[in-house]
Amino acid sequence: MMAGAALLVTACDRPLSALNPAGPAASQIGHLGRVMLASLGLVWIGMVVLVLAVMLRPRAFARVGLRTWLIVGGLVLPLSALVPLFLWSVVLTGRLMPGGAEPTRIQVEGAMWAWTFTYPDTLGALSRGTLFLPAGEPVVLEITARDVIHSFWVPRLAGKMDAIPGHVNELKVMADAPGVIEGQCSEFCGQGHALMRFVVDVRTPEDHAAALAALAEGRAPEPAPEWVPPRAVGAAAPAPPSPSSDSGTATGGPPGTGPQPVPMPPAPSQGSAAGSADVPTTVLRESSP
Amino acid sequence: MSSASSEPPARHASGRRATVEEAIDAAPPMPAPDDGLSPLERHKALEALWSSGRGLQRLSSVNHTVLGIRIMLTASVFFGVGGLLAMLIRAQLATPETAFLDAPAYAQVFTMHGTLMMFLFAIPMLEGIAMYLLPKMMGGRDHAFPRLAAYGYWCYLFGGVTLLTALVLGLAPASGWFMYTPLSSDVYSPGINSDIWLLGITFVEISSIAVGIELSVTILRMRAPGMSLARMPIFAWYMLITALMIVVGFPPLAMGSLLLEAERAFGLPFFDPTRGGDPLLWQHLFWIFGHPEVYIIFLPAAGMLATLIPTFARRPLVAYKAVVAAIIAMGIISFLIWAHHMFTVGMPKLAVDFFAVASSAVVLPTAVQLFALIATMAAGRMIRSVPMLYAFGFFAVFVNGGLTGVMVAVAPFNFQIHDTHFVVAHMHYVLFGSLVFGALAGLYYWLPHLTGRLSIHRLSIPAFWLIFLGFNGTFLLMHLTGLLGMPRRVYSYGWDDGWAALNLVSSVGGFIQTMGFGLVILDVILTRRHGPRFRRNPWGAQTMEWATATPPPNYNFAALPHVDRRGDKLDPTTLGGQLAAGRGYLATPRGWQETMVVEAVSGRADHFAILPRRTYLPLIQGLVTWGAILCILLKLYPLAAGLTVVLAALFILGAQGAGLERDHGPLPVGGGLALPPHPEVRNSLPVWGMTFTLLANAAMYGALGFGVLYLRLTAPNWPPPPEAMALRGPGVALAALVAVGLIFAAAAVSRLTIRANDRDEAKGRWIVATALPLAGATLLGFWLLASGHLPDPRAHALGATLNGLVAYVAVHAAVGLAFLASNALRSAGGWTSPRRGTDFLLTRMWLDYTAATAAISLGLAALVV
């Protein structure tokens, strides 16, 4: 428990940590999570102590009546924890779900084992492995899958949403500030599951528009000024478009500097139109008009 | 008239609030029978009757003690294999970028770890424990359907062997123990791996459901006279609810597996979104089973603790009624909250809120049960013991799992931690905490009963600490690993993901745990070899299983007691001696394997059952079933169909010697009572067995009906294109209507058979008159399936569901024909009479059920077309 608390403190800069929020949704859930972990952790310790005490010193409890045990332990204690928690749950669930007021929509498609993003607002803009987001603007992602079920998860932005063939699920995300955030698939989807990662490239609205325009023209967008190269997670082709290699350690963004590839089996190509046998990585894929 | 339990000593230790029942007058024990048998002669006579055979003959045993131990040992082996796989997982994840297992191997390993632990360890283990204990705890000699249980064991063993063989051959399923489709479909998982899961697990599920039916009927009907429902020992309540949950909860997964196998093997698109199916249907069917499964595992473990804690607290369980109510509430709630495993599939807000709040409701009955145990300890005088050490492990670990369960049920938090290692930690706290610590507490409590020897305890204490600390070392920090973003089922991760240290700690913890289990095994072996023997009831327990000799003889009790108080307030020490002396029911061997059957609620003696002798038939049936399943796996469908017919013939054959060849009327059972044997009563065990079988069957049909409606209402790509909708050829609807009418006719005529039997008239013509319309309906059904007049089952889910409904009804009609064949054979052989009419009742029940599902199917078909 102590070690856990210590790690909890140091845990905040991990690239995929839900405790290191970069947007309001992750921040609100993180708050809820911390409160629950702390309070229910205390309940746990209390229960263990109680059971030990009752087992070792039952006489100390001989005066506690049966009714007290059942009413306090079986009713009062659970309800006093559950009622506030679930009110919080219901309210927060409502806040996290798309409310219809978000103008920007981006289509997300998972396929074995990469993510493709299309931007309906900019005709012809399409990216693969990198999701471009404007900072400070709520965006609704329309998430689906081409083959099997995947799950779209950017822990620092929001909770996950499954990508299910035949279904389109909506997820509201908003990134606070420009930067690079990492994401990954979190539903087991076959051999490449562990490597089905992607990055979220958050830019100021102006830079974002420029990036989409570049994508629409089939060019790789210029790296934004605050761009930090993402860590290489996949093996074969980790190189981001044109990062200067010395910018790696510059900011407190994603840690890790050079590529440290995970060995991976050859990813069977799923015969996609946009990109053929490329592995799930952080590569940008130029659109083909 | 009542006997048995004189006031046990040391009961009013706490001096206050002694429960009223304890003051019940201890009536004098029943008189000894005047058959002149000494206890030893009685033992020899009964042992000869109930023999389980020696050496290889034991394969023919249908005895609950033998089967219970066999199931527990087999489940332990699967636990060992599953644990070994867990070690492989922890070795792979111990450091980032480990080159030990590659992604395909890792997928097989984690899939098989989950599958083995859930289907081949957890459920069978608790069923084995229940099978061993229940008849002894409730004062019976055996369980209700010994041959069914033996068949269930063989199905379990052969199904498990199939899966293990696949693992050794590298053909193990690799789509996760949850088998989400489309990943598990023929497109994305070609090859035999997924088929092995679907068929192997269905095979094992047949066994689980069979034992579930068996336990339900045993608990409800096979108690000692006088033991009303309200006097059942608490473990019987726990197992009753568990067994009912198995009967209702497992069939939906069996149906889901059948549908998925039909999609894989024949291209029926139940789950294919491009053709009107929906992958989410699989998730619903899976979790309608999968969520209750958690409570199916928790309840028996809690039941064991609620049995052994009072023994060491020297005080009967407090708040018995509240606990019973909590168990029932838990059983019901557990079926309403399956979708909290699916918070991230894109459910509407209302559904998310409903399932979140409903999930939290289950905390209340859980808390009531736990605090009743705590209150029992607080009100008693605790004696420290090894079982109590493991009980402490249960509390510490399970409570943690319950609390993280609350967190997981809070939907927004779930959006983050779903499918991360947080959930891995949570579910291990729940399942390991309840089942493993519960079963280990139970193991050390009942090991003297199994072996007749006391535990030595030298190894069990370090074993506990290794397991307890190792477990927490593995899983406590894993919550954090999940919060830091590590998803489940990844075979590797990077150095800079920040998960390396935590994973190393988990792996070290895992290996420490394994050492603990090694010590437990060693301890059990040493106890069995070198433990000191004891006379009776070493713990001073107050439940009836301790009234048997230890290790128990095949017949359990030389005489069956009359119970005049709650079943956990007895004095087995005194009772054991009285029963061994024959002071009770059915003490005088009459050449039959007899045991008492009571009225379900009141516990009044109703009749006595004559149980079957040991037989190789279940083994043969199990082998044939295995053969049929292997044939389906290898796509040898005609051979599989042939073996199915052989199997049906074997079951008809098995029914032949059942019952009695002539009427006997009421016979003396002791205590001045005369009762009829079971073939001569209407409210008999087979009728109850059929009721629960039909309940399980209805759950299966309910899953099919749910699927049909679910696809029609929510699946993408509906309505189907016109060409996929067409009923090809005229009169298809008419044919279906006629077939349903014929089934109703058969069900109606079957009543005339019963009437003829009651009046002792010739029954043959009525059996034929039932069979003719039924055969017509069966033929019409299979003709509809084979002729291609229904919409193409491969083109769209509409056709697939229509064909599925027709197939369900046709198969049931065909099984009805097998019932009629058995009726005809048994009538001709003289196994029926006006008094012995159970056969015809069973047939009528089956045909009524078939008619009902046929009518509902017709309605469903009309609704979706």
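**Figure 1. Helix α4 (residues 205-216) of chain A lies across strands β4 and β10 of chain A.** In this predicted model, the helix runs at about 140 degrees to β4(A). The two strands beneath this legend's heading, β4(A) and β10 (residues 197-203) of chain A, pair in the parallel sense over 5 bridges. Two of the residue pairings are identified here: A:Leu131 has A:Val200 of β10(A) as its bridge partner, and A:Pro134 has A:Arg203 of β10(A).

**Figure 2. Strand β4 of chain A is mostly covered, with 5 of its 5 residues buried.** A:Thr130, A:Phe132 and A:Pro134 point one way from the strand. A:Leu131 and A:Leu133 point the other way, and the residues of both groups are buried.

**Figure 3. An open sheet of 5 strands in chain A has the order β4-β10-β9-β6-β7.** The pairing within this sheet is mixed. Its edge strands are β4 (130-134) and β7 of chain A, each of which pairs on one side only. On average, neighbouring strands of the sheet are turned by 30 degrees against each other, direction ignored.

**Figure 4. A further open sheet of chain A has 5 strands in the order β3-β2-β1-β5-β8.** The pairing is mixed here as well. β3 (126-128) and β8 (169-173) of chain A stand at the edges with a single partner strand each, so one side of each is left without a neighbour in the sheet. Neighbouring strands are turned by 25 degrees against each other on average, direction ignored. Strands of a sheet pair through backbone hydrogen bonds, in either a parallel or an antiparallel manner. At one edge, β2 (residues 114-118) of chain A and β3(A) pair in the antiparallel sense over 3 bridges. A:Thr116 has A:Arg128 of β3(A) as its bridge partner.

**Figure 5. Chain A is built from 4 helices and 10 strands.** From the N terminus on, its elements run α-α-α-β-β-β-β-β-β-β-β-β-β-α. Of the 289 residues in chain A, 50% are buried. Among contacts in this chain between residues at least 6 apart in sequence, 69% join residues at least 24 apart.

**Figure 6. UniProt places the feature "transmembrane region" at residues 34-56 and 68-88 of chain A, in an unreviewed entry.** Over residues 34-56 of chain A, the model is 100% helix and 0% strand, and the end C-alpha atoms are 33 Å apart. Residues 68-88 of chain A are likewise 100% helix and 0% strand, with end C-alpha atoms 28 Å apart.

**Figure 7. Chains A and B meet through 78 residues of chain A and 77 residues of chain B.** On the chain A side, α1 (2-10), α2 (24-56), α3 (66-96) and β7 (161-163) each supply at least two residues. The most is given by α3(A), with 17 residues. By class, the side of chain A that touches chain B has 52 nonpolar, 20 polar and 6 charged residues.

**Figure 8. Residues 44-564 of chain B are listed by UniProt as "domain: Cytochrome oxidase subunit I profile", in an unreviewed entry.** Over this range the chain is 67% helix and 0% strand. The end C-alpha atoms of the range are 29 Å apart.

**Figure 9. Helices α2 (residues 64-93) and α10 (residues 363-379) of chain B have 30 residues and 17 residues, respectively.** From its first C-alpha to its last, α2(B) reaches 42 Å, close to the 44 Å expected at 1.5 Å a residue. This helix is mostly covered, with 21 of its 30 residues buried. The corresponding reach of α10(B) is 24 Å, close to the 24 Å expected at 1.5 Å a residue. Because 16 of the 17 residues of α10(B) are buried, this helix is largely enclosed by the rest of the structure.

**Figure 10. B:Val161 is found in helix α4 (residues 146-168) of chain B.** This residue counts as partly exposed because 13 C-beta neighbours lie inside 10 Å; a buried residue would have 20 or more, and an exposed one 12 or fewer. B:Val161 and B:Gly200 are 39 residues apart in sequence, and their C-alpha atoms are 9.0 Å apart in space.

Notes
Residues numbered from 1 in each chain as written. Chains lettered and ligands numbered in written order. Predicted model: local features only at pLDDT ≥ 70, side-chain atom pairs only at ≥ 80, totals over all residues. Expected span 1.5 Å × (residues − 1). Pairing = 2+ DSSP bridges. Axes fitted to C-alpha atoms, helices over the stretch in contact; angles between N-to-C directions. Contact = placed C-beta atoms within 7 Å. Nonpolar A, V, L, I, M, F, W, Y, C, P; charged D, E, K, R; others polar. UniProt positions renumbered as here; feature names shortened; annotations may be inferred.
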